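Colleague: I should like to go through this model step by step, with the reasoning behind each answer. May we begin once the structure is in view?

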Amino acid sequence: MTGATLSELSARARDIFRLVVEGYIASGLPVGSKTLAGSGAVNLSPASIRSVLQELQDAGLLAAPHTSAGRMPTEIGLRLFVDGIMQVAEPSMAEREQIERGLASGGTIEAALAAASSALSELSAGAGVIMVPRREARLVQLSFVPLGPARALAVMVAEDGSVENRVLDLPAMAGAGTLEQASNYLTSRLAGRTLAEAVAMIRAEIAGGRSALDAVSADLVQRGLAVWSIDAAQRPVLVVRGQANLLDEAALHDIERVRLLLEELEGAEAIAGVLDAAREAESARIFIGSENRLFSLSGSSVIASPWRDCDGRVVGVVGVIGPTRLNYARVVPMVDFTAQSLSKLIAQDGFSRK
């Protein structure tokens, strides 16, 4: 039998299972029958406890890393504990204040997110991760200003008043008339649209010969769009803090797992994909070990919760990454509170802190 349900376990099996999981989460080490018997929480002999531990192991909920060692929960066991036994504890006032102080630290929105991620990392003893919202501003104008015979400044203006500049090389034979034609064409197509919406339409027009642009102007338009497309792809989508927390004393006994985890944390796009899986959740989602392919090798867990703008639309995800022995009961509400606090910040300030 594998993956037993709670209803299939006796009352004493459930109690011993809970104690093993809680002991493992607290110490990171297997829990043995002598430890359980000596705790006073179980009114059974070591022999009877060993019998129950074997029963739980046969059910696929516990595992013994060594023949003479105690037991530790499997990923199936951790899932059963999280879904059916765990009782969450609300963040303390001190924890709430630490998270809120980070968000209120001032400066850019990215700085506030970094501070909140650091606070979450310190409180959870894991790596705090926040997906930075992708700003999809509606555009008003894109124009080209000559800087010399072979270069121009591309100036993009958004409806919210923000202005971004990029320098680009001009195609051969591009004169003042080319810059004006390309500017007028782009502005007419960009107005009221996001960059992603405009890029798709403009490239389809040019490819289909429907743009009414000459070859030089079309080349300039393509270069202008490429400047922002490449730039957006290279912008960081994550704020990660606290990787050093993953190197605790218990982790030193499993240094290969930690090495794999640190390597996984280098893949920003892959982690963004993990967090993106939590976008549709109403509250925190928990991914344990191999439930998520990215962290299956290191056996790590992810707790993630979406945060929203003033209209209730999901704009990002906040989470904690760490070993499977994360204190789920404490970290889950902490992640949820951080997500709620981020939502309030965005509702109050929007993206005005640039």
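Colleague: Leaving aside neighbours within four places in sequence, with which residues is Glu-95 in contact?

Modeller: The model is a predicted one. Glu-95 lies in helix H5, which covers residues 93-103. Once its neighbours within four places in sequence are set aside, the residues in contact with Glu-95 are Leu-123, Arg-330 and Met-334.

Colleague: Does Glu-95 count as buried or exposed?

Modeller: A residue is called buried under 20% relative accessible area. Glu-95 has 12% relative accessibility, and therefore it counts as buried.

Colleague: Leu-103 is found in helix H5 as well. How far apart in space are Leu-103 and Ala-119, C-alpha to C-alpha?

Modeller: Leu-103 has 6% relative accessibility, so it counts as buried. Along the sequence, Leu-103 and Ala-119 are 16 residues apart. In space, the distance between them from C-alpha to C-alpha is 9.5 Å.

Colleague: Which helix gives the most to the largest nonpolar core?

Modeller: The largest nonpolar core has 55 residues, and those with the most contacts inside it are Ile-16, Phe-17, Leu-56, Ile-303, Trp-307 and Tyr-328. With 11 residues, the helix that gives the most to this core is H12, residues 328-349.

Colleague: Which residues does Leu-56 touch, not counting those up to four places away in sequence?

Modeller: Leu-56 is among the residues with the most contacts inside the largest nonpolar core. Not counting residues up to four places away in sequence, Leu-56 touches Leu-9, Ala-13, Ile-16, Phe-17, Leu-61 and Leu-62.

Colleague: How many residues has the other core, which lies apart from the largest one?

Modeller: Among the residues of this other core are Met-156, Leu-170, Ala-174 and Tyr-185. The core that they belong to has 26 residues.

Colleague: In what order do the three strands of the open sheet stand, and which of them are at the edges?

Modeller: The three strands pair in the antiparallel sense, in the order E4-E5-E6. Strand E4 (139-146) and strand E6 (163-169) each have a single partner strand, so one side of each is left without a neighbour in the sheet. On average, neighbouring strands of this sheet are turned by 20 degrees against each other, direction ignored. The order is E4-E5-E6, and the edge strands are E4 and E6.

Colleague: Which residue in E5 stands opposite Leu-142?

Modeller: E4 runs antiparallel to strand E5, residues 151-158, and seven bridges join the two. Opposite Leu-142, the residue in E5 is Met-156.

Colleague: Which helix lies across E4 and E5, and at about what angle to E4 does it run?

Modeller: The helix is H7, residues 176-190. Its 15 residues reach 21 Å from the first C-alpha to the last, close to the 21 Å expected at 1.5 Å a residue. Thr-178, Leu-179, Ala-182, Ser-183, Tyr-185, Leu-186 and Leu-190 are buried in H7. The helix lying across E4 and E5 is H7, and its angle to E4 is about 170 degrees.

Colleague: Which residue just after H7 takes a positive phi?

Modeller: The phi angle in question is about 85 degrees. The residue that takes it, just after H7, is Gly-192.

Colleague: The side chain of Ser-301 takes part in a polar contact of 2.8 Å. Which residue is its partner?

Modeller: Ser-301 has its place in strand E9, residues 300-308. With a relative accessible area of 0%, Ser-301 is buried. Not counting residues up to four places away in sequence, Ser-301 touches ten residues that include Phe-287, Val-320 and Tyr-328. The polar contact joins the side chain of Ser-301 to that of Tyr-328.

Colleague: Over how many bridges do E9 and E10 pair?

Modeller: One residue pair to look for is Arg-308, which stands opposite Val-314 in E10. The hairpin of E9 and E10 has five residues between the strands, and Gly-312 takes a positive phi near 85 degrees there. The pairing of E9 and E10 is antiparallel, and the number of bridges is nine.

Colleague: How many of the residues of strand E10 are buried?

Modeller: Strand E3, residues 127-131, also pairs with E10 in the antiparallel sense, over four bridges. In that pairing, Val-129 has Gly-319 as its bridge partner in E10. Strand E10 (residues 314-323) is largely enclosed by the rest of the structure, because its buried residues number 10 of the 10.

How values were computed: Residues are numbered from 1 along each chain as its sequence is written. This is a predicted model: local features need pLDDT of at least 70, side-chain atom pairs count only at pLDDT 80 or more; totals for chains, interfaces and linings use all residues. Side-chain values use heavy atoms; hydrogens and water are left out. Two strands pair if DSSP finds at least two bridges between them. Axes are lines fitted to C-alpha atoms, for helices over the stretch in contact, and angles run from 0 to 180 degrees between N-to-C directions. Contact means heavy atoms within 4.5 Å. The expected span of a helix is 1.5 Å times one less than its number of residues. Buried means under 20% relative accessible area, exposed over 50%, partly exposed in between (1.4 Å probe, protein chains only). A nonpolar core is a set of buried Ala, Val, Leu, Ile, Met, Phe, Trp, Tyr and Cys residues joined through side-chain atoms within 4.5 Å. A polar contact is a pair of N or O atoms within 3.5 Å; within protein, one must be able to donate a hydrogen and the other to accept it, and residues adjacent in sequence count only if both atoms are side-chain atoms.
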